[in-house]
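Thanks for sharing this one. My notes follow as numbered points, starting with one pair of facing residues and working outwards.

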Protein chains: 2
Amino acid sequence: MIDRNAPVGVFDSGVGGLTVAREIMRQLPDERIIYFGDTARVPYGSKSRDTILRYSRQIIRFLRTKEVKAIVIACNTATALTLDTVAAESDIPIIGVINAGARTAVESTRNGRIGVIGTEATIGSGIYTEVMKKMKPGIQVFGKSCPLFCPLVEEGWLHDPVTDEVASRYLSVLKEKYIDTLVLGCTHYPLLRSTMRRLMGEDVTLVNPAYETAIELRGLLAENGLSRDPFAPFAGEKHQFFVSDLAEKFTDFASSILPEDVKETKKINIEEY
Amino acid sequence: MIDRNAPVGVFDSGVGGLTVAREIMRQLPDERIIYFGDTARVPYGSKSRDTILRYSRQIIRFLRTKEVKAIVIACNTATALTLDTVAAESDIPIIGVINAGARTAVESTRNGRIGVIGTEATIGSGIYTEVMKKMKPGIQVFGKSCPLFCPLVEEGWLHDPVTDEVASRYLSVLKEKYIDTLVLGCTHYPLLRSTMRRLMGEDVTLVNPAYETAIELRGLLAENGLSRDPFAPFAGEKHQFFVSDLAEKFTDFASSILPEDVKETKKINIEEY
């Protein structure tokens with residue numbers, strides 16, 4: 001028996017997954033969130049499956065100590081490399097950010113040509129291609145890794161000629177493929193949305209998996225009778241934030257992204273889980 | 001009793017420390033190196049002292065299993081945050097990359113105005129300023145963190161207009177201070193040396209701590225009777241390379257930087273140490 005009033009666990013390699021937490025807060029305002037950002041071991045995007053699987057399992061064990069009713073892997077890399085395995089091991093629902101984004105992309109393409117951008121690990125895994133081709137076999141998928149986007153976002157250069165030039169270079173290979181749909185396959189990328197919109201033009205649909213994942217979560221909770229009773233009482237803060245390193249910096253970033261201020265972030269030793 | 005024919009341990013958060021290993025190979029060609037790159041937990045530059053201290057201690061325990069005679073912390077961040085502590089705990093000599101670079105900088109400045117560039121953690125620690133002012137109290141030190149340099153180097157954009165623009169922006173605040181000496185306070189940065197040379201002009205001395213550290217190591221080994229007998233026999237490869245993740249990619253990068261090819265890199269689970 002899972003408690004429908006328990007919180008939802010959300011985790012990411014760092015701050016990027018806050019774009020997913022933001023969508024969940026907007027679209028499921030009654031739900032409570034336990035967020036974990038693995039800031040001591042960020043980034044995941046250049047690491048191997050073995051390593052990311054060990055990290056994901058540790059984080060899931062930590063979130064379970066908070067008695068979460070469901071878990072959202074708010075990280076494309078961790079979803080790409082570990083979702084199948086950890087979901088199969090779990091007795092509570094675990095979803096990732098890839099499925100919902102992939103479904104929206106295959107539903108919105110008109111010419112069957114879809115671009116995906118993400119970290120080296122996500123693009124290297126070929127997961128988006130695999131998932132989307134299963135949903136709609138005839139389509140063509142073009143992946144492009146963009147390793148400088150995350151550090152540019154974390155430097156705060158969101159509207160900047162350097163970022164424009166980097167984006168222009170990364171995206172030009174996708175423009176040449178005449179894609180009509182682009183999946184922002186890393187949770188940092190929605191923060192560069194206006195740059196991408198300008199470079200890709202109005203005719204290319206930009207798919208934000210964070211948004212689609214919040215919708216998927218709402219459906220999943222509703223179907224399983226797990227939506228939170230909005231009048232159920234709770235103690236303490238509505239949402240709780242945990243990180244593996246440097247809690248203060250995280251709090252500033254979170255407050256700048258989320259609809260409500262983050263009052264406190266707790267640092268934990270994730271390697272103990 | 002320390003065995004003078006034992007290898008030297010060298011470690012870094014990832015590939016950057018290979019610029020230090022390279023200088024040791026060039027200047028101490030008889031020495032053997034055990035290199036460890038913490039590629040599963042890279043980068044260190046944005047993490048806290050507690051975290052980096054835990055990592056450094058694990059790595060030192062690992063290197064001790066290889067019976068090294070001395071250890072070089074080939075990472076400015078780990079040196080800045082942990083050298084004092086781990087050196088005091090150790091019965092073999094441990095040196096970092098900061099002291100030698102700082103000494104060269106204070107000896108070479110003519111106008112007493114020195115710039116230091118590095119990661120957020122290194123610059124935030126103020127360690128270079130502290131060390132250099134102790135060596136020569138009258139000088140002025142200007143620090144500037146350059147968080148995009150490491151990802152640009154790892155992307156391979158060494159001679160690139162984007163890197164030029166980023167460097168120009170980061171370095172302009174130091175140019176305005178009329179520095180005559182610039183310390184490259186991160187082991188990745190020597191790979192951007194030509195860009196910095198062009199931007200800073202011929203009159204600014206660029207100090208590469210990797211080079212100076214190899215000289216310091218040579219002196220340290222000689223003074224302590226620990227220089228390797230060039231005719232001492234050994235089994236296996238002369239140098240050994242270990243990483244915490246993705247051994248193949250590391251091997252390619254290492255082979256492109258080091259004077260000799262890296263035949264094999266072993267992946268270990270550093271969290272077990």
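1. Val8(A) sits opposite Ala70(A), a residue of strand 3 of chain A. Strand 1 (residues 8-12) and strand 3 (residues 70-73) of chain A run parallel and are joined by four bridges. Two strands count as paired if DSSP finds at least two bridges between them; strands are DSSP runs of E of at least two residues and helices are runs of H or I of at least four, numbered from the N terminus.

2. Before going further, please keep in mind that this is a predicted model, where local features need pLDDT of at least 70, side-chain atom pairs count only at pLDDT 80 or more, and totals for chains, interfaces and linings use all residues. Residues are numbered from 1 along each chain as its sequence is written, chains are lettered from A and ligands numbered from 1 in the order written, and side-chain values use heavy atoms, without hydrogens and water.

3. Now the whole sheet: six strands of chain A form an open, parallel sheet in the order 4-3-1-2-9-10. Its edges are strand 4 (94-96) and strand 10 (265-267) of chain A, each pairing on one side only. On average, neighbouring strands are turned by 20° against each other, direction ignored.

4. Helix 2 (residues 49-65) of chain A has the length one would hope for: at 1.5 Å a residue its 17 residues should span 24 Å, and its end C-alpha atoms are indeed 24 Å apart. The expected span is 1.5 Å times one less than the number of residues. Buried residues of this helix in chain A include Ile52(A), Leu53(A), Ile59(A) and Phe62(A); buried means under 20% relative accessible area, exposed over 50%, and partly exposed in between, with a 1.4 Å probe and protein chains only. Just after helix 2 of chain A, Glu67(A) takes a positive phi of about 55°.

5. How many residues of chain A are in contact with chain B? There are 34, meeting 34 residues of chain B, with contact taken as heavy atoms within 4.5 Å. Glu271(A) forms a salt bridge with Arg41(B), with the closest N and O atoms 3.8 Å apart. The rule finds eight salt bridges across this interface, each a side-chain nitrogen of Lys or Arg within 4 Å of a carboxyl oxygen of Asp or Glu.

6. Over in chain B, Thr82(B) lies in helix 3 (residues 76-88). Thr82(B) counts as buried because its relative accessibility is 1%. Beyond its neighbours within four places in sequence, Thr82(B) is in contact with Ile52(B), Leu53(B), Ser56(B) and Ile73(B).

Note on methods
Axes are lines fitted to C-alpha atoms, for helices over the stretch in contact, and angles run from 0 to 180 degrees between N-to-C directions.
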